[in-house]
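Reader: Hi, could you walk me through the contacts between side chains in this protein? I'm new to this, so please go slowly.
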Amino acid sequence: MIYIVRFHGLNKERNTAIVSLFLGSGLRLTELVWLNIEDINFSKSSVRVIRKGNKEQFVYFSEQALMDLEAYLSVRSSKYNVGNDNKVLFVAAPMGPKGTTREC
């Protein structure tokens, strides 16, 4: 039980942002997983995705999703030991080789 509480505390901003963006945008799960930070336009609350048929499209998301994304990005570097060179939006806890961060 303690492990579950610890895991929730470590990942709550990331998980909230994932669910909020998923529900507030209509993105497919695979589209959400493959997002990079530069795909997000915060001023227009939209995200650039490559849809089926290799077609680029801009998908708008809710204001709540925007707030949750901003909350996640404010702790992303410190919680997941991610450098500025890693452009993947959603990363997992550092459990890779030698404590490196894994991409979701």
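Reader: To start, how many salt bridges are there?
Author: Bearing in mind that we are looking at a predicted model, the count comes to 5 salt bridges.
Reader: And why would two side chains pair up like that in general?
Author: In general, side chains of opposite charge can pair when their charged atoms come close.
Reader: OK, which residue does Lys79 form a salt bridge with?
Author: The partner of Lys79 is Glu13, and the closest N and O atoms of the two are 2.6 Å apart. Lys79 belongs to helix α3 (residues 63-80), while Glu13 belongs to helix α1 (residues 2-23), so this pair ties together parts of the protein that are 66 residues apart in sequence.
Reader: Is Lys79 buried, exposed or partly exposed?
Author: Lys79 counts as partly exposed, because its relative accessibility of 23% falls between the limits of 20% for buried and 50% for exposed.
Reader: What about Arg48, which residues does that one pair with?
Author: Arg48 forms a salt bridge with Asp39, where the closest N and O atoms are 3.1 Å apart, and Glu56 also forms a salt bridge with Arg48, with 3.0 Å between the closest N and O atoms.
Reader: Of Arg48 and Asp39, which is buried and which is partly exposed?
Author: Asp39 is the buried one, with a relative accessible area of 10%, whereas Arg48 is partly exposed at 28%. As for the other partner, Glu56 is partly exposed as well, with a relative accessibility of 48%.
Reader: Which residues are joined into one network by salt bridges that share partners?
Author: That network is made up of Arg28, Glu31 and Arg51, which are joined by salt bridges with shared partners.
Reader: Changing topic, where is Met67?
Author: Met67 sits in helix α3, and at 41% relative accessibility Met67 counts as partly exposed.
Reader: How far apart are Met67 and Phe42?
Author: Going from C-alpha to C-alpha, Met67 and Phe42 are 9.8 Å apart in space, although 25 residues separate their positions in sequence.
Reader: Last thing, how many aromatic pairs are there, and which residues form a cluster?
Author: The count comes to 2 aromatic pairs, and one aromatic cluster is formed by Tyr72, Tyr80 and Phe90.

How values were computed: Residues numbered from 1 in each chain as written. Predicted model: local features only at pLDDT ≥ 70, side-chain atom pairs only at ≥ 80, totals over all residues. Heavy atoms only, no water. Salt bridge = Lys/Arg side-chain N within 4 Å of Asp/Glu carboxyl O. Helix = DSSP H or I, 4+ residues; strand = E, 2+ residues; numbered from the N terminus. Buried < 20%, exposed > 50% of the residue type's maximum accessible area, 1.4 Å probe, protein only. Phe/Tyr/Trp six-rings, centres within 6.5 Å; stacked < 30°, edge-to-face > 60°.
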